[in-house]
Amino acid sequence: MTHLVANQNQTMVIEFVFSVFPPLYEGGLLFFILLLLVYTFIISGNLVIFVVVQLDMALHTPMYFFISVLSFLEIWYTTTTIPKMLSSLASEKKTISLAGCLMQMYFFHSLGITEGCVLTAMSIDRYIAICYPLRYPTIMTSRLCIQLTAGSCFCGFLLVLPEIAWIATLPFCGSNKIHQIFCDFTPVLSLACTDTSLVVIVDVIHAVEILASFLVIALSYIRIIVVILGMPSAEGRHKAFSTCAAHLAVFLLFFGSVAVMYLRFSATYSVFWDTVIAVTFVILAPFLNPIIYSLRNKEMKDAIGRLFQQKRNGGVQK
């Protein structure tokens, strides 16, 4: 199937080509194996966290509820991009249809915005837990947690829809090479053969989304750190810092790379640095999340140990 089709006096693009993936004989096989291992770890690690939180009653708290939601989102967030990357690395045909490209952009950004909203909800949860511990059980109810999660999904999947609908109306009739590891707004819009100055509005919308979440999270953790430093007990300070450090690590990794990519407006990077930044929030951040939330978390490690112990005991009884 060709990636171009004649349309009156123009040749319209119906398929895009990812130009950054090397062929198998030029290192593509090595990248394929590494990416496959990383993807397997991301899926299995986040799935274990999600299942353990659902099954272990000791983890039925707002904090672990949001962690399980984040893990669930990470599974789908990476699935929107990495399988296609693997296909591009393993195949000589490194193409994606226009419809497939639009779908990838929509779900990738919808899930990414939803994750940002969930991280914001997690920071609010930690703020209330540490700054207002006596009121925490009455404020952070199961109903509120579900409402915050539903609101995060609603914002994520609604905000991107007009943008994708607009891009779907644009004609693409020039180059069909996408200089990125997945379909993203700037690389795709640069291929449109019409005026895309409205992208400035898109940039402003992204900036408002990112800065609003960043501001809420930053203010929450500044207040949390102030309260923690004022705790009389060294043990209490250590426990509080330990809990919040994991959230801060995820927040800085995710929002840091996203901010560098999407808060640049007219600034441009080389294809190499664009790819490096994309790898950070598309692959590296999801890869580190299971490590941060399980290997560094005693309660999570104990719960995983109890789950596997129950499985072993069940196997022996049978």
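Reader: How far does helix α6 reach from its first C-alpha to its last?

Author: This is a predicted model, in which local features need pLDDT of at least 70 and side-chain atom pairs pLDDT 80 or more, while totals for chains, interfaces and linings use all residues. Numbering starts from 1 along each chain as its sequence is written, and side-chain values use heavy atoms, leaving out hydrogens and water. Helix α6 (a DSSP run of H or I, at least four residues; strands are runs of E, at least two; both are numbered from the N terminus) has 18 residues, 142–159. The expected span at 1.5 Å a residue (1.5 Å times one less than the number of residues) is 26 Å, and the reach is close to this, at 26 Å.

Reader: Within what arc do the buried residues of α6 fall?

Author: Cys145, Thr149, Ser152 and Gly156 are buried (under 20% relative accessible area, 1.4 Å probe, protein chains only; exposed is over 50%, partly exposed in between). They line one face of the helix, because, seen down the axis (directions taken from the axis to the C-beta atoms), they fall within 55°.

Reader: Which elements do the buried residues of α6 pack against?

Author: The face turned away from the buried side carries the exposed residues Arg143, Ile146 and Phe154. The buried residues pack (contact: heavy atoms within 4.5 Å) against α2 (62–79) and α4.

Reader: Which residue in β4 stands opposite phenylalanine 16?

Author: The open, mixed sheet runs β4-β3-β5 (strands pair with at least two DSSP bridges). Its edge strands are β4 (95–97) and β5 (177–178). Strand β3 (residues 15–18) pairs with β4 in the antiparallel sense over 3 bridges. Opposite phenylalanine 16 stands isoleucine 96.
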